[in-house]
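Please open the model in a viewer and keep the selection panel at hand. The stops below are meant to be followed in order.

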Amino acid sequence: MSPVIGQVSATKYYVGRVLFEGNTSYSDSRLRSILKLKKPGLFRVTEFNRRTLKLDAISLRNFYISEGYLKTNVEESYVVRESGEINILFKIEEGERFHLRSFHITGDFLISKKKIKKILGLQINKPFDPVTINNGFFVLEKEYKKLGKLYFSYKDSLSPTFDVEYFIIFDEGLTVKIDKIKIDGLQTVNSTTVLRELKFNTGDIYNEEEIFLSQRRLFETGLFSIVSIYPFKSTRGEDWVDLRIELREFKKREWLSEGGLYPIQSTSEGGEPFPGAGITMEWRNRNIFSKGTRFSIKNTLEIPISSDENVITNPILRFETIASRQWLGGLRFPTTLKIFYEKLPELQVDAERLTRYGLDWSYHHKSSEYSLWRGGLKLARIHSSEVDNQTQEQKQSFNLMYRYRKVDNPITPKKGAFFSVQHSFIWYQTNTTSYFYRTEFDYRRYYSIRNSWVLALRMKIGWVSRIGGSGIEVPSYDKYYLGGSTSLRGWEQHLFKTEIINEDKTSMGGNYKALINTELRIPVWGRFGINLFLEGGILEDYLRDVKSSFKEWSEWIGWDGGMELSISTPIGPVRIYYAVRLSDRNKKVTPNIGLMYAF
């Protein structure tokens with residue numbers, strides 16, 4: 001028997017060797033990929049914990065059961081070496097493999113047998129997989145509760161032979177309807193504001209999907225910190241239920257202040273975010289005039305983190321007045337109206353300031369849990385050194401955006417996908433009127449590999465072009481920019497494309513952008529990780545030059561690679577990175593800092 005190690009101890013032990021005994025169907029490497037306790041790697045050591053060891057043994061047994069080895073037994077043990085490392089041994093008795101010979105489903109069926117078979121993953125002559133079946137019953141129960149079958153139940157059994165004969169008996173129960181709707185917890189919010197967000201009414205068939213949707217809509221009002229909707233027995237009969245809605249309101253009026261380190265929105269609408277420090281003061285009324293309208297006044301001061309000696313004299317100032325509501329008349333039409341004033345440093349003119357003010361009206365619609373549509377109209381006046389005689393330029397734009405995001409964690413994603421497309425129709429008015437359109441695609445994919453490593457990929461393509469042959473060129477504050485901690489780390493912020501003006505290196509944007517990022521994120525120890533990255537970009541004013549830049553990629557022009565140390569914090573990862581331009585590896589690049597992951 002291995003020595004006992006207390007769960008609370010000043011001495012920390014780390015995993016050494018991880019061994020298996022008795023596994024004939026699966027290799028050691030396949031079984032190690034299931035475990036939380038890992039043997040030492042190049043960038044990894046794992047702290048030993050007896051509870052995790054027990055959970056790993058359960059995970060191994062569940063894996064074998066999901067592969068049809070229903071009588072598998074796993075025993076775990078460990079030995080402490082003189083060096084302090086822990087050697088772990090899993091003894092496995094695999095047993096025989098069970099296969100599904102036939103299955104029989106009896107009872108009433110609102111859902112077809114074909115769909116039931118698919119949901120449960122039943123495949124004749126394939127290994128019998130009770131794990132997938134149990135997960136399928138959870139999905140099946142949700143499907144029945146969409147049809148009013150609140151009391152759906154089932155019984156299953158199987159023959160005790162290696163060729164499994166599987167029996168399922170369904171009891172769909174009564175079709176349940178909604179009787180009374182009761183609301184608890186309202187203080188300042190009118191009950192009408194709650195009722196209009198509901199997707200169900202008295203007399204409707206109970207539909208759990210519509211209940212979850214109603215719960216989400218109530219959260220989206222911004223009025224409530226807690227929303228719970230659940231059924232309870234009605235006095236009307238067994239086929240009726242009452243629904244209770246329990247709410248907790250946010251404080252109606254409040255002053256908010258927050259600050260810290262975070263990615264700052266670029267001065268240019270085509271620029272990538274960059275690290276900075278900021279502080280915001282906001283006054284908020286969550287239910288002005290008791291009409292469900294949110295109103296706030298917000299002031300923000302932001303300072304980019306940069307080696308630029310002028311950065312403190314060129315902070316970013318933003319003043320915003322925002323009103324938003326979920327309804328317009330009798331139509332659910334979530335809209336936001338923002339009046340803004342911004343004082344920003346110009347990217348292409350050293351120590352110059354850009355003033356931008358106007359209003360921004362936007363509409364958003366969440367078509368599903370993962371999909372969001374946003375559209376709107378933005379009217380602005382711009383005071384810039386680019387405009388002759390320091391006059392004001394008027395800019396209008398109509399914007400449309402679609403976003404699909406299905407990732408396990410929006411801040412530290414390990415698996416999933418992200419896609420967005422943004423399109424704008426823009427027109428400027430000075431002495432003449434000029435028309436432009438802008439389109440940008442952003443695709444990201446995250447893969448969890450080796451159980452804890454993450455492979456992250458991103459591709460962004462964008463272009464802005466004038467409609468017609470006359471008028472002004474694309475202004476600097478609407479061009480694309482690359483370089484920095486969230487795009488190409490081998491270049492300083494916004495300095496992927498530069499020009500020497502008065503012996504100073506000046507940022508130059510482009511009308512066409514292409515960006516590819518690949519990153520391997522490796523946890524090392526505790527809050528620390530190592531990220532290895534390779535990335536390339538193109539930034540040009542003319543389409544003909546884009547083709548030439550693609551050819552230069554074969555010579556690694558426009559590419560960089562490197563490594564960064566990531567530190568997990570309560571607000572997200574902080575990164576210290578070092579990158580080298582692959583076409584000029586002798587180019588001196590100093591370590592730099594990034595906030596959150598690059599993408």
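This tour of a predicted model visits a group of paired strands, then several salt bridges, and finally the internal cavities.

**Paired strands**

Begin by selecting residues 528–540, which form strand β24. Ten of the 13 residues in this strand are buried. Add residues 512–525, strand β23, which runs antiparallel to β24 and is joined to it by 13 bridges. Within this pairing, Glu519 has Phe533 of β24 as its bridge partner. Two residues separate the strands of this hairpin, and Gly526 adopts a positive phi near 60° there.

Next, extend the selection to residues 559–569, strand β25, which pairs with β24 in the antiparallel sense through nine bridges. Here Leu534 is matched with Gly561 of β25. While this region is displayed, show the side chains of Arg489, Glu519, Arg521, Glu535, Glu564 and Arg575, which a network of salt bridges links. Glu519 thus appears both in this network and as the bridge partner of Phe533.

**Salt bridges around Glu269**

The count of salt bridges comes to 39. Select Lys378 and Glu269, whose side chains form one with an N to O distance of 3.5 Å. Lys378 belongs to strand β16 (residues 371–383), while Glu269 sits in the loop between β10 (253–264) and β11 (274–288); the two are 109 residues apart.

Keep Glu269 selected and add Lys395: these residues also form a salt bridge, with their closest N and O atoms 3.2 Å apart. Lys395 is in strand β17 (residues 392–407) and Glu269 in the loop between β10 and β11, so this pair ties together parts 126 residues apart in sequence. Which of the two is buried? Lys395 is, at a relative accessible area of 5%, whereas Glu269 is partly exposed at 35%.

**A salt bridge between β12 and β13**

Now select Glu320 and Lys298, a salt bridge whose closest N and O atoms are 3.9 Å apart. Glu320 is in strand β13 (residues 316–328) and Lys298 in strand β12 (residues 293–304), so the parts tied together are 22 residues apart in sequence. Glu320 counts as buried at 14% relative accessibility, and Lys298 is partly exposed at 22%.

**Cavities**

Finally, turn to the two cavities of 30 Å³ or more found in the whole structure. The largest holds about 40 Å³ of space, and its lining includes Thr188, Leu223, Phe250 and Arg286. That lining comprises three nonpolar, two polar and four charged residues.

For the second largest cavity, also of about 40 Å³, select Thr267, Ser268, Glu346, Leu347, Leu354, Ser476, Tyr477 and Tyr481. Four of these lining residues are nonpolar, three polar and one charged.

Note on methods: Residues numbered from 1 in each chain as written. Predicted model: local features only at pLDDT ≥ 70, side-chain atom pairs only at ≥ 80, totals over all residues. Heavy atoms only, no water. 1 Å grid on protein atoms, 1.4 Å probe; cavity = no way out; pocket = protein on both sides within 12 Å on 5 of 7 lines; lining within 4 Å. Points joined across faces, edges and corners; volume = space filled by probe spheres on them. Nonpolar A, V, L, I, M, F, W, Y, C, P; charged D, E, K, R; others polar. Buried < 20%, exposed > 50% of the residue type's maximum accessible area, 1.4 Å probe, protein only. Helix = DSSP H or I, 4+ residues; strand = E, 2+ residues; numbered from the N terminus. Pairing = 2+ DSSP bridges. Salt bridge = Lys/Arg side-chain N within 4 Å of Asp/Glu carboxyl O.
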